[in-house]
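Please walk through the model shown here, beginning with its annotated spans and then turning to its pockets and cysteines.

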Amino acid sequence: MNLKALLTGRWAVVGGFALAAVLLLVVAPALLSSFRLGLLGKYLCYAMVAVGIGLAWGRGGMLVLGQGVFFGLGAYIMAMHLKLADAPASTGVPDFMALISSDGVPVWWEPFRSGVVTVLAVVLVPSAVAVLLGLATFRRRVRGAYFAILSQALAAAFAILLVGNPRSTGGSTGLNNFKGFFGFSLRDPANRLMLYVIAVVALLAMVAVARQMMVSRYGELLVACRDAEERVRFLGYDPAVIKTVAYAVAAAMAGVAGALFVPIVGIVSPNDVGIVPSIGLLIGVAIGGRTTLLGPVLGAIAVAWAETSLSERFPSGWTYAQGLVFMLVVAFLPGGLASLRRRPPGAAQPSPVPTLSGSSR
């Protein structure tokens, strides 16, 4: 690539981020009501998870059906901190715990009284779980449908664990009725706008991180692990480590998304972290185009918007419509809607496996 093309590409990326920032930070707040802006903030949280799925599944070939686990970890960690911050100073016990039992706050809740610990845990806990799970499975060369089933089972187990512990997690109703966010009242429209801006900045930052990983040497190795894992191992690389890094980054993104979801939406429950929402996020990524940078983001936002709009009018038909769209995309557009984009005449087809040793195969 010559210098002119390199500079043109970089300016195009900067221009794309600038355009997205203007649309989300200037145009959207000016045109949307407070309620609609809150819905858009919720969709952006789903888009953050989709960025990680695009990295792990689209580039790494890991069919992650359990991202709801990492989303839920971040969400419940933030929810615990907010409930502790809202608790009366005299007792320090959240309202729902005081109604259920007089045993006080569980010991493992106590660290989340600290805002610093909470913020660190939102990123580190999901990442640590992903590293442990990734190394345990990828070193045993578990992949494909087996890894998908394992991650899906983890999401189911996590939801069941939450439902079975009403005193600690609120049970099936989850945690809700948050009053503040790090000292800011959630009833103040200005503070809710601040949360939306934080979500926009977080999403743009995640897209930038994902892009940098995709275009780097690591990104080439990740795609190579997807398409020719044995060859990567023959060349002296450890595919388990390469895939685990992407899996951990995707988990961290989901954790941050969950943490922002809680104050924006005002509730988190097992219904937000189980198998169904995990598959819903995957459908959005597949529809948008899992191997592209922006396809997962746009797909996740589109599916979330359609679910909100259509499920109100056709509550019994939305699930079937979602499944039908997913099957049509998988059958006729495996690359998602992003594959409809026409390439310039004479443009070379991208190689499915990056060059690692002088050849693409």
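In this predicted model, residues 63-80 are 78% helix and 0% strand, and the C-alpha atoms at the two ends of that span are 30 Å apart. The stretch is one of those that an unreviewed UniProt entry annotates as "transmembrane region", a list that also includes residues 12-32, 115-138 and 279-306. Residues 245-267 appear in that annotation too, and for this span the computed content is 91% helix and 4% strand, with end C-alpha atoms that lie 30 Å apart.

From the annotated spans we pass to the empty space between the atoms. The second largest pocket holds about 640 Å³ of space, and helix H2 (34-59), helix H11 (275-288), helix H12 (295-313) and helix H13 (318-332) are the elements that each give two or more residues to its lining. That lining consists of 23 residues, and those nearest the centre of the pocket are Val276, Pro277, Gly280, Glu307 and Gln322. Sorted by class, the lining of the second largest pocket comprises 13 nonpolar, seven polar and three charged residues.

The cysteines remain to be considered. A disulfide is a covalent bond between the sulfur atoms of two cysteines, and with a cut-off of 2.5 Å between those atoms the model contains zero disulfides. Are Cys45 and Cys225 buried or exposed? Cys45 counts as buried because its relative accessibility is 0%, and Cys225, with a relative accessible area of 3%, is buried as well, since the term applies to values under 20%.

How values were computed: Residues are numbered from 1 along each chain as its sequence is written. This is a predicted model: local features need pLDDT of at least 70, side-chain atom pairs count only at pLDDT 80 or more; totals for chains, interfaces and linings use all residues. Side-chain values use heavy atoms; hydrogens and water are left out. Buried means under 20% relative accessible area, exposed over 50%, partly exposed in between (1.4 Å probe, protein chains only). On a 1 Å grid over the protein atoms alone, a cavity is a set of points where a 1.4 Å probe fits but cannot get out, and a pocket is an open set with protein on both sides within 12 Å along at least five of seven lines; lining residues have an atom within 4 Å of a point. Grid points are joined across faces, edges and corners, and a volume is the space filled by probe spheres set on the points. Ala, Val, Leu, Ile, Met, Phe, Trp, Tyr, Cys and Pro count as nonpolar, Asp, Glu, Lys and Arg as charged, and the others, Gly among them, as polar. UniProt positions are given in the numbering used here, feature names are shortened, and annotations may be inferred rather than shown by experiment.
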